[in-house]
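Good morning, and thank you for the opportunity to speak. I shall describe how the chains of one model meet, and then turn to its rings and its charges.

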4 protein chains.
Amino acid sequence: MKLNCDLGESFGSWKMGLDEQVMPFLDQANIACGFHAGDPVWMTKTLALAAANGVEVGAHPGYPDLVGFGRRSMNCSHDEIVGLMQYQMAALDGMAQSQGLQMTYVKPHGALYNDMMSKPSVRASIMQAVASFYKPVRLVLQATPESAQHREEAKSAAIDVSFEAFADRCYDDDGRLLSRAKPGAVHNRERMLAQVQQLVSKGTVTSVSGNTLHLDADTLCVHGDNEEGVRAIAAIRELIV
Amino acid sequence: MKLNCDLGESFGSWKMGLDEQVMPFLDQANIACGFHAGDPVWMTKTLALAAANGVEVGAHPGYPDLVGFGRRSMNCSHDEIVGLMQYQMAALDGMAQSQGLQMTYVKPHGALYNDMMSKPSVRASIMQAVASFYKPVRLVLQATPESAQHREEAKSAAIDVSFEAFADRCYDDDGRLLSRAKPGAVHNRERMLAQVQQLVSKGTVTSVSGNTLHLDADTLCVHGDNEEGVRAIAAIRELIV
Amino acid sequence: MKLNCDLGESFGSWKMGLDEQVMPFLDQANIACGFHAGDPVWMTKTLALAAANGVEVGAHPGYPDLVGFGRRSMNCSHDEIVGLMQYQMAALDGMAQSQGLQMTYVKPHGALYNDMMSKPSVRASIMQAVASFYKPVRLVLQATPESAQHREEAKSAAIDVSFEAFADRCYDDDGRLLSRAKPGAVHNRERMLAQVQQLVSKGTVTSVSGNTLHLDADTLCVHGDNEEGVRAIAAIRELIV
Amino acid sequence: MKLNCDLGESFGSWKMGLDEQVMPFLDQANIACGFHAGDPVWMTKTLALAAANGVEVGAHPGYPDLVGFGRRSMNCSHDEIVGLMQYQMAALDGMAQSQGLQMTYVKPHGALYNDMMSKPSVRASIMQAVASFYKPVRLVLQATPESAQHREEAKSAAIDVSFEAFADRCYDDDGRLLSRAKPGAVHNRERMLAQVQQLVSKGTVTSVSGNTLHLDADTLCVHGDNEEGVRAIAAIRELIV
């Protein structure tokens with residue numbers, strides 16, 4: 001099990017995230033590519049930080065929506081999705097290579113990620129974008145009960161995939177994230193660590209109703225937005241060695 | 001002598017340039033990369049058009065200024081210039097490779113190009129951006145009396161350069177383009193073809209005052225904004241074989 | 001019956017629409033406000049053109065999506081919709097007043113218009129934006145069988161509304177525009193003029209299946225994207241006096 | 001002497017400034033208008049905060065450069081400057097009126113402010129923008145030895161002006177701000193309060209060399225970027241009653 005985190009989400013004069021503190025604990029840095037966050041200067045800094053810490057780098061492309069931080073679903077066409085994915089992947093890839101790094105994976109951001117999980121046509125467009133990229137890059141999806149089906153889709157598209165689970169979010173009985181609007185949606189520290197421990201040791205999570213769900217996860221998504229987040233990541237890191 | 005032209009300058013629903021008509025006559029397509037013009041979908045289309053016509057592709061990066069079409073000088077720092085250059089080069093490079101093409105050169109656009117020619121610090125930043133890009137890419141500058149000096153600078157930066165002349169613009173006695181505000185700044189068809197013929201056969205242009213100036217040019221910049229431009233390119237093509 | 005048209009849809013160096021040719025035939029100019037098209041300089045020019053032709057001006061706000069031309073639905077919150085509506089209305093209003101004009105109405109653009117018609121929550125947010133604007137402004141909606149209900153909603157929100165029909169689009173049996181994907185969706189010149197004549201004289205349209213539908217329309221939307229569009233507008237103008 | 005501060009400089013998910021803490025100490029809030037910072041939702045929030053605290057509101061327009069935060073000079077034409085000024089002023093004005101407030105002044109931001117002070121042509125364009133705005137709005141310039149001349153220019157343009165001094169910046173012997181690159185450019189708390197006291201009681205500042213300079217200032221610019229800034233504003237407020 002790897003630890004991944006969304007980084008490089010500053011933009012111009014606006015700082016977001018405690019990247020310097022978080023990076024040392026990570027295996028994988030998902031770096032924003034300029035459409036919903038990030039800019040060329042921040043991408044350069046974030047790549048340098050990843051290089052200094054020996055962290056694997058991936059592209060974290062989003063919808064072209066800075067003011068909405070890529071969190072608003074946009075009704076894009078197939079060509080638009082392929083284009084925005086490849087443009088952002090390419091931008092990060094070339095900048096990474098210019099620092100001696102390899103971009104090895106791509107994980108869509110925010111609404112693009114949610115649309116990938118919920119809309120087969122968006123997922124197909126994203127897989128097509130990855131498949132037609134000039135070099136092999138893993139696509140990261142959410143680990144859900146549909147992971148086997150997604151693996152089949154990826155096989156048809158001739159791309160590699162990996163699946164991520166969430167450390168701090170409660171799962172519903174269908175194996176999806178419990179809506180943030182529901183009570184208990186976000187774990188406290190104790191429950192978060194218990195969920196991580198269970199994922200690592202048994203490959204399962206306990207749902208909001210107490211059911212045991214299998215999750216086929218290769219990597220764990222953590223968040224470093226504030227000091228408490230950084231401490232949580234440090235604690236999670238001790239469980240994953 | 002090659003023929004180069006700025007292409008892919010449409011943006012979203014806004015069409016600019018007669019790329020389909022111009023491409024067959026070109027050797028080199030300078031493709032806008034999304035900061036002053038172009039977007040992922042248009043970049044994809046323009047790359048496909050270049051591939052279909054066997055045309056060499058280069059990045060045509062600009063200042064981040066869509067509404068100003070990259071024609072307004074922006075007072076950017078060294079890090080900002082390196083970043084915006086590498087981001088746009090990388091974006092086009094990865095998308096080009098995904099279509100089986102190689103991006104082999106970069107020519108800055110508009111105000112970024114003008115600043116490169118007139119401001120040593122901007123030129124140094126641009127050369128640094130090219131030098132630290134992950135693979136060798138030629139930088140295109142304007143052929144001027146300073147070309148020898150620019151060649152020295154490029155040698156120090158360990159990058160390749162090439163120089164372009166302009167077909168339809170009158171040169172002043174210093175070997176620079178006569179300001180568009182001056183009478184005779186833009187050649188008519190006849191004078192344009194004469195200038196091209198002279199450049200190809202003798203490597204010189206005749207300045208506005210009648211002086212003969214040597215220009216060390218590898219490539220000739222043409223413009224395909226309208227039907228007359230396309231016809232002019234066709235006529236120039238016949239002179240360059 | 002008035003004639004309205006979307007104008008001011010150029011952006012920076014990109015020209016769109018034949019505004020100069022269209023304006024003399026119009027009663028109402030829906031002017032883009034910078035989020036999906038238009039910019040301060042084009043807004044100024046378009047307002048001047050409206051003033052010179054004695055045409056009423058309205059705001060034509062869209063989603064913040066230049067590259068998508070406001071045609072992609074974005075999942076915005078209530079506060080975001082109120083904000084983007086009021087910002088764009090205010091921008092056009094103050095610029096109009098600075099040319100001695102009054103902005104008297106607002107008609108959402110593209111996906112924002114479609115969402116207004118199909119999603120009650122978006123319509124409610126838009127009505128709220130208009131209601132809380134500092135001065136009375138009419139909201140333009142599409143004339144449909146739901147117009148009576150929309151009139152009630154507007155009454156509750158304490159705003160004025162008007163309804164527009166389309167000259168060149170075929171209606172389905174439910175009184176909505178036939179999808180452009182369907183045959184016969186866009187009228188030829190003859191059928192367009194017949195539809196306009198019927199709307200003006202009887203207040204009805206004939207649907208794709210031949211049914212007669214009542215449409216409660218105050219204004220007719222026309223398009224001036226090309227020469228044929230301009231000629232069509234001139235022909236329609238002769239029917240509406 | 002009034003206290004003014006730049007507020008509303010957050011953008012989408014990126015928070016900047018401690019507006020809630022700063023607002024109660026101010027007389028005048030310079031509110032960003034969306035081109036270099038701010039967005040419709042933040043503008044709405046900031047206007048509401050100003051209303052709740054009884055603070056006068058002004059527009060704080062900048063160059064269209066989000067990633068550069070409006071701090072990079074852009075070589076704009078007269079029409080572009082007039083357009084960007086009026087668009088942003090109008091946007092804030094209409095939104096302010098919709099909350100029962102009046103926008104009474106405008107103070108350009110960042111590089112636009114610096115260009116206004118150093119380039120007569122930019123200043124003329126800005127004065128023209130204010131003069132042709134649909135209602136009287138004061139233009140805020142920096143108090144310098146040229147203030148009398150600027151007052152004359154404003155009189156010719158038929159606009160009102162006011163002048164601001166800086167609390168925390170050391171002045172050079174020419175009455176301009178000492179470059180931040182120089183030692184002593186930014187005052188510590190003690191020197192800042194002494195400078196404010198001197199400005200209020202005598203209308204003068206002591207320059208870096210110890211000269212006494214008269215400054216014709218109506219308002220004092222303070223900064224609330226962090227907790228120390230807020231405390232400094234509170235201390236200054238006690239000196240200005």
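**Interfaces, rings and charges**

Between chain A and chain B, an area of about 1,600 Å² is buried, and carbon and sulfur atoms give 70% of it. Please keep in mind from the beginning that this is a predicted model. For those new to the subject, the size of an interface is often given as the accessible area lost when the parts come together.

Which residues of chain A lose the most area to chain B? They are A:Tyr87, A:Ser98 and A:Tyr134, and together they account for 37% of what that side buries. In terms of residues, chain A brings 21 to the contact and chain B brings 21.

Let us consider the polar side of this interface. The number of salt bridges between chain A and chain B is 0. There are, however, 4 residue pairs in polar contact between chain A and chain B, with both residues at pLDDT 80 or more.

Which helices of chain A each supply at least two residues of the side that touches chain B? They are helix 2, residues 40-53, and helix 3, residues 78-97. Helix 3 of chain A gives the largest share of that side, with 11 residues. Sorted by class, the side of chain A that touches chain B holds 12 nonpolar, 7 polar and 2 charged residues.

I now move to the second pair of chains. Chain C and chain D bury about 1,600 Å² between them, and 71% of this lies on carbon and sulfur atoms. On the side of chain C, the residues that lose the most area to chain D are C:Tyr87, C:Ser98 and C:Tyr134, which together make up 36% of what that side buries. The contact draws 21 residues from chain C and 21 residues from chain D.

How many salt bridges are there between chain C and chain D? The count is 0. Across this interface, 4 residue pairs are in polar contact, both residues being at pLDDT 80 or more. Helix 2 (40-53) and helix 3 (78-97) of chain C are the elements that give two or more residues to the side touching chain D. From helix 3 of chain C come 11 residues, the largest share of that side. The classes on the side of chain C that touches chain D are 12 nonpolar, 7 polar and 2 charged residues.

Next, the aromatic rings. Over all chains, the count is 24 aromatic pairs. One cluster linked by ring pairs contains A:Phe11, A:Trp14 and A:Phe69 together with D:Phe11, D:Trp14 and D:Phe69.

Rings also meet charges in chain B. B:Lys45 places its charged end over the ring of B:Trp42, 4.2 Å from the ring centre. Likewise, the charged end of B:Lys107 sits over the ring of B:Tyr113, 5.9 Å from its centre.

Finally, salt bridges. Side chains of opposite charge can pair when their charged atoms come close. The whole structure has 56 salt bridges over all chains. One of them joins the side chains of A:Asp93 and A:Lys135, at 2.6 Å from N to O. Because A:Asp93 lies in helix 3 of chain A and A:Lys135 in the loop between helix 5 (120-131) and strand 5 (138-142) of chain A, this pair ties together parts that are 42 residues apart in sequence.

Notes
Residues numbered from 1 in each chain as written. Chains lettered and ligands numbered in written order. Heavy atoms only, no water. Contact = heavy atoms within 4.5 Å. Buried area = accessible area lost by both parts, 1.4 Å probe. Salt bridge = Lys/Arg side-chain N within 4 Å of Asp/Glu carboxyl O. Polar contact = N/O pair within 3.5 Å; in protein donor to acceptor, adjacent residues only side chain to side chain. Helix = DSSP H or I, 4+ residues; strand = E, 2+ residues; numbered from the N terminus. Nonpolar A, V, L, I, M, F, W, Y, C, P; charged D, E, K, R; others polar. Phe/Tyr/Trp six-rings, centres within 6.5 Å; stacked < 30°, edge-to-face > 60°. Lys NZ or Arg CZ within 6 Å of the ring centre and 35° of its normal.
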